[in-house]
Amino acid sequence: MTVYDLGPGELAERIEGWGYPRYRAKQLYAALWGRAATYDEMTDLPTALRDRLAEELPEHLEILAERTADDGSTRKGLIRFGEQHVVETVLMGYRDRVTVCVSSQAGCAMGCGFCATGQMGLKGNLTAGEIAAQMVWAARAARHLPPSTPRRVTNVVFMGMGEPMANYRATRDSISRLLDPAGMDLGARHVTVSTVGVVPGIRRLAADHPQVGLAVSFHAADDELRNDLVPVNRLWPLAELEAAITEWRNRTHRRPSIEWAMIDGVNDSDRQASLLVPIARRLRAHVNLIPMNPTPGSTSRPSSRRRIATFADILRNGGVPVTVRDTRGREIEAACGQLRWELARVG
Ligand code: SAH
Ligand code: SF4
């Protein structure tokens with residue numbers, strides 16, 4: 001539990017209980033979320049109040065390590081919340097936007113073999129405050145981005161550690177916090193949740209946050225291969241997944257994304273591309289091809305550039321919009337699927 005777990009009403013209750021007027025809570029909330037300020041920086045609040053806050057509602061946002069890559073435009077933070085959870089968050093600056101990749105769980109129970117987070121298993125669920133507070137770290141870190149990118153966070157993707165739909169309520173509430181106009185005031189259209197295909201979660205997200213974007217990690221276009229790569233496919237096979245995404249699209253009127261890690265000799269064949277074309281067309285989805293990032297627990301390798309280009313061509317020729325993702329932050333193990341908290345390596 002951190003101060004970031006408290007909403008405006010709960011903060012007001014605490015502070016009024018200490019004898020301060022209600023508007024102090026508003027100031028505090030705006031400072032915590034709108035300015036990403038530390039208590040030390042909240043000079044508009046009385047010193048006695050700041051001392052009491054530090055004492056009774058500690059920030060609990062401890063940066064264990066920070067690393068940078070890509071000439072400073074990619075930054076990875078290893079964050080500890082209280083005694084309990086350690087997670088990784090990645091900030092990526094581009095010419096026109098700054099995207100933060102947040103974690104929803106410490107580790108993950110979904111067991112995708114090619115993913116470093118999956119290889120470590122589930123260590124614990126994050127609270128809504130812990131998920132949202134990663135944006136506070138990011139907002140601070142964004143001030144150090146090079147001049148070639150904006151210096152404030154514009155987008156957030158739930159593509160860090162963990163499966164957001166397996167920690168649904170915290171994910172939902174963290175999104176509400178990030179969108180709050182009195183705080184961070186992020187646009188819902190600038191938030192994307194990535195799921196491995198947890199069907200009930202897709203349905204709930206459409207109902208709770210119809211403006212938020214959806215990315216679904218497919219990696220295979222037939223059940224046999226997908227059962228191997230993504231074990232939850234046994235629970236929610238492709239036909240059910242497709243039905244849920246269709247419902248989501250009808251409700252949100254947004255274009256879903258299909259994520260596909262390109263794994264050499266495994267899911268990068270012409271046949272898989274051809275099977276994907278009709279699925280992506282029916283869903284009117286955009287396909288993101290991610291060259292697989294190597295991980296310690298898997299011998300799988302990324303597909304060659306030529307193979308990725310051919311795969312992308314088959315999709316394009318079939319009328320499917322495709323992007324080949326860059327491999328940002330690979331050398332600091334900050335890329336998709338590489339997040340894996342290891343205290344031994346923090347030092
Ligand atoms: N659990 C969610 C979100 C976190 S994973 C999900 O699976 O969608 C974020 C993205 O990284 C997913 O698209 C996932 O499939 C992808 N990914 C996992 N391991 C990877 C790897 N080794 N190389 C490239 N992408 C990977
Ligand atoms: Fe979990 Fe996503 Fe990694 Fe699968 S790819 S193990 S769902 S984090």
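**Cavity, ligands and pockets in a predicted model**

A search of the whole structure finds 1 cavity of 30 Å³ or more. I should say at the outset that the model before us is predicted. My remarks begin with that cavity, turn to the two ligands, and end with the open pockets.

The space in the largest cavity comes to about 500 Å³. Its lining is made up of 28 residues, and those nearest the centre are Phe114, Cys115, Ser217, His219 and Gly337. Among the secondary structure elements, helix H4 (116–120) contributes at least two residues to this lining, as do E8, E10 and E11. Sorted by class, the lining of the largest cavity holds 15 nonpolar, 11 polar and 2 charged residues.

What sits in the largest cavity? Ligand 1 does, and ligand 2 sits there as well.

Let me take ligand 1. It is surrounded by 20 residues, the closest being Phe114, Ser194, Ser217, His219 and Asn293. Phe114, Ser217 and His219 were also named a moment ago, as residues nearest the centre of the largest cavity. Strand E8 (191–195) and strand E10 (257–262) each give at least two residues to the shell around ligand 1. That shell comprises 9 nonpolar, 9 polar and 2 charged residues.

Three polar contacts of ligand 1 deserve attention. At Ser217, an N or O atom of the side chain lies 2.6 Å from an oxygen atom of ligand 1. At Phe114, the partner is a polar backbone atom, 2.8 Å from a nitrogen atom of ligand 1. At Cys336, a polar backbone atom is again involved, at 3.5 Å from a nitrogen atom of the ligand. As for cover, ligand 1 has 530 Å² of accessible area on its own, and the protein covers 96% of it.

I now move to ligand 2. Which residues surround ligand 2? They are Cys108, Met110, Cys112, Cys115, Gly118, Gly162, Glu163 and Val196. By class, this shell contains 5 nonpolar, 2 polar and 1 charged residues. Cys115, listed here around ligand 2, is also among the residues nearest the centre of the largest cavity.

Next come the pockets. The largest pocket has a volume of about 780 Å³. It is lined by 35 residues, and Arg97, Thr99, Val157, Met159 and Arg325 are the closest to its centre. Which elements give two or more residues to this lining? They are strand E3 (85–93), strand E4 (98–101), strand E7 (155–158), strand E9 (213–217), E10, strand E11 (286–291) and strand E12 (322–324). E10 and E11 thus appear in the lining of the largest pocket and also in that of the largest cavity. The pocket lining divides into 16 nonpolar, 11 polar and 8 charged residues.

The second largest pocket contains about 200 Å³ of space. Of its 13 lining residues, Gly34, Ala139, Arg152, Val153 and Met184 are the closest to the centre. Here the elements are helices: helix H2 (23–34) and helix H5 (128–141) each supply at least two residues of the lining. The class count for this lining is 8 nonpolar, 1 polar and 4 charged residues.

To close, I return to the cavity: ligand 1 and ligand 2 both sit in it, and Ser217, with its side-chain contact to ligand 1, is among the residues nearest the cavity centre.

Conventions. Residues numbered from 1 in each chain as written. Chains lettered and ligands numbered in written order. Predicted model: local features only at pLDDT ≥ 70, side-chain atom pairs only at ≥ 80, totals over all residues. Heavy atoms only, no water. Near = heavy atom within 4 Å. Polar contact = N/O pair within 3.5 Å; in protein donor to acceptor, adjacent residues only side chain to side chain. Areas by Shrake-Rupley, 256 points an atom, 1.4 Å probe, with all protein chains shown as cover. 1 Å grid on protein atoms, 1.4 Å probe; cavity = no way out; pocket = protein on both sides within 12 Å on 5 of 7 lines; lining within 4 Å. Sits in = over half its atoms within 2 Å of the grid points. Helix = DSSP H or I, 4+ residues; strand = E, 2+ residues; numbered from the N terminus. Nonpolar A, V, L, I, M, F, W, Y, C, P; charged D, E, K, R; others polar. Points joined across faces, edges and corners; volume = space filled by probe spheres on them.
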